[in-house]
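Student: I'd like to take a close look at a single part of this model and see how it fits with what surrounds it. Please choose one with something to say about backbone geometry as well as packing, and talk me through it.

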Amino acid sequence: MNEFQRISRLIAAHKGGARSLVEKLDARGHRHLSFSKIACVESCPYSYFLQYVKREELDPQPAYFVKGRVFHRAAASFYRRVARGQRPAATDLGTITRRPDDIVAECHLRNAAEVLAQNAFEGWEVLGVEDIFVLDLGRGLPPCVGVIDLVLRQGSTYAVVDHKTGKDFWRQDPMQLAIYREHVLREHGATKVQGYFDAYRWVNDLRRIRKPAFERTRVRLSSRSWAKAQRRFEAGYKAIKEVERAGEKSPGTGSCWMCAWKGVCKKAHDLSWW
Ligand code: SF4
């Protein structure tokens, strides 16, 4: 049995979420890649070293990490209800979005839940919510593990959706959706797969905003997108092996001012003028 088959079996038997699965894979020494790992090593090898080799934890976790995770839980709960034929309202997510310890975060989350309910995909069958998958990359590479926020179908057309949250709308990396598309092509025998980024902007008051709180971007995907993703997997895996070899000596080359690790990273560039 190869690594892809072993991880497939683990996923089939796994009862929890993506985080606990990754912990299980790491604890059992199952080597795997992911979109996040590739994006991380590309942006800063030292950041890869901190997160995936040294396994440092940020304590406390940045507020935006926590808020993003809560929103993903709310969106998953929302679309699971849709899959059961219900028509959920934003208020149904109140118990998830409640943050008595952080009133501003609660306000942002409540508004994002309202925007989610207003912009939910209509006329699509919900096939998967937080769908954990493993993809055989061949070419001597470890398999790729990922989780798709939402998988939809409308007739013979499929769609993969990734939710983003933040203070603003950022340019997203199409590689993530190219990976999801490849999985759906193989898993469902699909021929048409659309890819979407649903981006939610944190806002205090939905009635007083000057720019939208939500943006849905459809990303055009093709076999060329997958070929490009494969090339990045190859180069990224090479870079990962280099970080594993170099350890602490890995170069810190990222945009430190926007890096979550800048507070603990001894290689952070001078940030005093920010
Ligand atoms: S603070 Fe800078 S050098 Fe350190 S991990 Fe982040 S991007 Fe890399």
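Tutor: Strands are DSSP runs of E with at least two residues, numbered from the N terminus, and two of them pair if DSSP finds at least two bridges between them. With that in hand, let's look at the hairpin of β2 and β3. Please keep in mind that this is a predicted model.

A little context first. The protein chain has nine helices and five strands, and their order along the sequence is α-α-α-α-α-α-α-β-β-β-α-β-β-α. Its C-alpha atoms occupy a box of roughly 50 × 50 × 35 Å along the principal axes. A compact globule of 274 residues would have a radius of gyration near 19 Å, and the chain has 19 Å, so the two agree. Among contacts with a separation of 6 or more, 68% join residues 24 or more positions apart.

Now to the hairpin. Strand β2 spans residues 144–154, strand β3 covers residues 157–166, and two residues sit between the strands. In this hairpin G155 takes a positive phi near 65 degrees. The pairing of β2 with β3 is antiparallel and runs over five bridges; one of the pairs joins L150 to V161 in β3. β2 also pairs with strand β1 (residues 125–135), again in the antiparallel sense, over nine bridges. There, G128 has V151 of β2 as its bridge partner. β2 therefore has β1 as one pairing partner and β3 as another, since at least two bridges are needed for a pair.

β1 has a backbone detail of its own. E130, which lies in strand β1, is a residue other than glycine with a positive phi, near 50 degrees. It is partly exposed because 17 other C-beta atoms lie within 10 Å, where 20 or more would make it buried.

How many of the residues of β2 are buried? Nine of its 11 residues are, so the strand is mostly covered, burial here meaning 20 or more other C-beta atoms within 10 Å. In a regular strand the side chains alternate between the two faces of the sheet. That general picture is a handy one to hold while you turn the model and follow β2.

The packing tells a matching story. The largest nonpolar core has 56 residues, and A74, V160 and I179 have the most contacts inside it. Strand β2 gives the most to this core, with seven residues. V160 is a good residue to click on: leaving out neighbours within four places in sequence, its contacts are I148, V151, L177, Y180, R181, V184, V193 and G195. V151 thus turns up twice, as a contact of V160 and as the bridge partner of G128.

β2 also helps to cover a helix. In helix α3 (residues 35–43), the residues F35, K37, I38, C40 and V41 are buried. Their cover includes β2, together with α4 (45–53), α8 (174–188) and α9 (223–246).

Finally, look at the loop between β1 and β2, where L141 lies. L141 counts as partly exposed because it has 18 C-beta neighbours inside 10 Å, under the 20 needed for burial. Not counting residues up to four places away in sequence, L141 touches L33, F233, E234 and Y237. The C-alpha atoms of L141 and Q230 are 9.8 Å apart, although 89 residues separate them along the chain.

To put the part together: β2 pairs with β1 over nine bridges and with β3 over five, has nine of its 11 residues buried, and gives seven residues to the largest nonpolar core.

How values were computed:
Residues numbered from 1 in each chain as written. Predicted model: local features only at pLDDT ≥ 70, side-chain atom pairs only at ≥ 80, totals over all residues. Core = buried A, V, L, I, M, F, W, Y, C linked by C-beta atoms within 7 Å. Buried ≥ 20, exposed ≤ 12 C-beta atoms within 10 Å, placed from the backbone. Helix = DSSP H or I, 4+ residues; strand = E, 2+ residues; numbered from the N terminus. Contact = placed C-beta atoms within 7 Å. Rg over C-alpha atoms; globule rule 2.2 N^0.38 Å.
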